[in-house]
Amino acid sequence: MKQGQILGVDEMRRQIELSHRRSTVRGIDPILRNTRQALLSPAELKAKRQDNGDLLDVLLPQFEEFYNFLSPNEFVIAAVDPDGYILHIEGSSNLIENAAKRNCIPGYRWTEKDVGTTAIALCLKLESPIQLIGDEHYCRQAHGLTSSTAPVFGKDRKLIGIIAVSGPSDKAHPHTLYMVTTAARAAEQQLRVLRRNKELALNVRFLDQVIATSRTGLIIINSGKQIWRVNRRGAEILKMDNLEGQPISSLKGLKIDLDDVQTRPESWVNKESRLKINNQTLTLIHTVQLVMSPEGERLGALITFSEVKEIYRLADTIAGTRAHFTFDSLVGSCPPFVDALNLAKRAASSDTTVLLQGETGTGKELFAQAIHNLSDRSQNAFVPINCGAIPANLLESELFGYVEGTFTGASKGGKPGKFELANTGTILLDEIGDMPHKMQVKLLRVLQTGEVYRIGADKPVKINTRIIASTHVNLLEAIREGRFREDLYYRLNVFPIAIPALNKRGPEDILALSALFLAENADDPPGLSQDARDLLCSHPWPGNVRELENCMQRALHLCEGKELRPEHLSLSPAPADRPTQAGTLEEMNRKMILDTLEATAHNMARTAKILGISRATLYRKLKQYAM
Ligand SMILES: Nc1ncnc2c1ncn2[C@@H]1O[C@H](COP(=O)(O)OP(=O)(O)OP(=O)(O)O)[C@@H](O)[C@H]1O
């Protein structure tokens with residue numbers, strides 16, 4: 001027996017007979033029937049009708065069709081839910097009145113258990129169309145009738161309802177069963193369409209939400225390159241509404257070649273474009289992807305884009321180039337240090353170029369970060385670059401970037417330099433005194449024009465970058481020796497700030513910084529013995545605060561008790577005991593560097609750390625001593 005198919009005559013008769021036997025066994029009275037037939041309250045019936053709203057919406061118009069062929073004075077038509085409850089019945093009022101006498105009205109349940117053998121009960125049980133004629137009904141009251149029923153299936157062939165038609169036996173015809181079955185199939189088809197429409201509407205609503213709430217700008221164009229949709233973020237970035245319907249070429253500077261996207265899709269990923277919008281230049285990073293139909297027809301394209309400064313900000317957060325230090329994190333109270341702090345705070349409130357001067361490790365980068373963080377640019381990038389540590393031939397591309405195809409292997413779409421990355425933010429040109437002469441000329445031009453040329457570019461990029469330069473070198477001396485351009489010096493020396501060496505800051509600052517580094521590196525830091533304090537205050541600190549920080553970290557490793565003593569500090573005796581001749585000191589430095597390099601297997605970072613100097617200083621010393 002196949003679900004949903006009309007049974008052969010013999011099989012139908014056999015099933016009717018079996019049902020009669022079950023009805024007898026169940027003790028259903030053929031005259032009175034089952035007095036305990038289930039009945040819904042009006043509220044329950046209402047709820048059931050609502051639950052089966054889609055089924056009724058589809059079936060009721062079908063019932064009207066029936067009455068084109070059958071008379072409402074002779075036939076009633078009913079919709080039944082999959083539990084056997086009649087949800088709706090139609091026919092003339094006379095017929096409905098008669099049907100009511102047999103409980104054949106909405107709210108009553110018509111399973112075999114309730115009413116014995118009926119077309120509804122058998123259709124529920126067998127999930128196949130059924131026709132009962134006359135005394136095939138178990139109930140005598142229905143003996144003059146012929147009833148035809150057909151199941152309606154929903155998703156995954158699940159029974160979702162039944163159509164039932166009943167009328168006088170002499171008017172009925174086997175065709176009635178076919179009519180009911182055909183109506184059930186038509187209802188199923190309509191329900192499928194209804195379901196698909198609902199799913200589609202849900203998908204469209206979901207997609208609309210995704211597009212609208214995406215934090216990336218989106219433009220969808222059709223195959224004729226006409227803008228079809230722009231999402232909220234896209235309109236925000238472009239500062240334009242009502243772009244829909246316009247050609248994509250109306251965005252000046254955004255060139256889209258769909259044929260090229262099709263043949264070389266990889267070259268349309270993360271491309272850079274400069275758009276001219278309301279007389280302003282907007283730099284976008286965008287990716288273009290084709291949208292194709294399943295048949296391979298080009299429907300259009302999706303353009304995803306972000307403002308370049310958003311990307312830089314993100315890169316910056318990930319690469320850790322954000323400025324963390326503020327003036328609150330700068331420890332020191334001696335007058336020259338406080339003077340430097342006050343000057344730096346004043347510098348923060350303007351956009352002037354600042355020149356930080358101080359020995360290595362005095363905290364020049366910290367000052368630069370603190371200035372940036374107190375300035376109006378604090379929400380934008382802080383980009384430091386060590387001009388002394390980058391090989392001369394790479395420095396130009398690092399600072400200014402390059403355009404696509406400048407050199408073999410140059411990354412696709414070119415690469416922005418540090419000046420561009422720091423646009424609307426701050427660039428720190430660290431170790432400016434070590435900048436190669438050729439680059440000094442180029443830097444001077446940037447300072448004069450406020451524009452940078454990427455290597456290979458014929459057009460400049462306007463930049464709005466605040467410049468802080470720092471140096472451990474005495475620049476005036478460097479000018480005298482011809483190593484530094486005087487014109488560049490005057491451009492940089494607009495707001496000079498001198499950061500004092502640690503040995504000029506006095507015992508209070510040395511001890512305050514020592515306490516800070518101990519607290520930063522241990523949960524329960526030990527105290528300093530008087531001897532240790534004396535030693536710290538008399539040490540010359542050639543590596544300044546950085547050397548002190550390293551010294552404290554090392555001491556914490558060596559000290560196991562509650563008190564830090566001189567032997568934990570691993571500092572050489574007071575400077576008075578050291579040879580003072582310049583040549584000897586140089587030799588000692590050279591030897592110390594060589595020994596440490598050997599001990600660390602030439603690991604530059606570790607060597608610099610052990611010696612308490614920056615890596616840049618180590619490289620400089622290596623160059624100086626021709627090692
Ligand atoms: N006033 C300060 N308060 C707290 N920590 C400081 C202070 N000054 C310097 N430091 C510490 O000293 C270290 C060196 O600072 P920074 O890198 O800014 O020095 P620098 O002068 O830029 O060095 P270089 O010239 O070698 O690049 C930092 O790790 C920082 O933790």
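Which of the 18 residues around the ligand come nearest? In this predicted model, G363, K364, E365, V545 and S614 hold that position.

**Ligand shell**

Two elements, α12 (364-374) and α20 (544-558), give two or more residues to the shell around the ligand. In terms of domains, at least three residues of the shell come from each of domain 3 (321-498) and domain 4 (505-537 + 544-568). By residue class, the shell around the ligand comprises 4 nonpolar, 9 polar and 5 charged residues.

**Packing of α18 and α19**

Helix α18 (residues 506-521) packs with helix α19 (residues 530-538) at an angle of about 115 degrees, and their axes lie 9 Å apart. The crossing of α18 past α19 is right-handed. On the α18 side, P507, I510, L511 and S514 take part, meeting R533, L536 and C537 of α19. The residues of this contact divide into 5 nonpolar, 1 polar and 1 charged.

The residue classes of the two sites are set out below.

| Site | Nonpolar | Polar | Charged |
|---|---|---|---|
| Shell around the ligand | 4 residues | 9 residues | 5 residues |
| Contact of α18 with α19 | 5 residues | 1 residue | 1 residue |

**The open sheet**

An open sheet is formed by 5 strands in the order β7-β6-β10-β9-β8, with antiparallel pairing. Because β7 (227-230) and β8 (271-277) stand at the edges with a single partner strand each, one side of each has no neighbour in the sheet. From one strand to the next, the twist averages 30 degrees. Within the sheet, strand β9 (residues 280-292) pairs with strand β10 (residues 298-307) in the antiparallel sense over 9 bridges. L284 has E307, in β10, as its bridge partner.

Technical notes: Residues numbered from 1 in each chain as written. Predicted model: local features only at pLDDT ≥ 70, side-chain atom pairs only at ≥ 80, totals over all residues. Near = placed C-beta within 6 Å. Helix = DSSP H or I, 4+ residues; strand = E, 2+ residues; numbered from the N terminus. Nonpolar A, V, L, I, M, F, W, Y, C, P; charged D, E, K, R; others polar. Domains from an automatic or database assignment. Axes fitted to C-alpha atoms, helices over the stretch in contact; angles between N-to-C directions. Left-handed = near helix turned anticlockwise from the far one by under 90°. Contact = placed C-beta atoms within 7 Å. Pairing = 2+ DSSP bridges.
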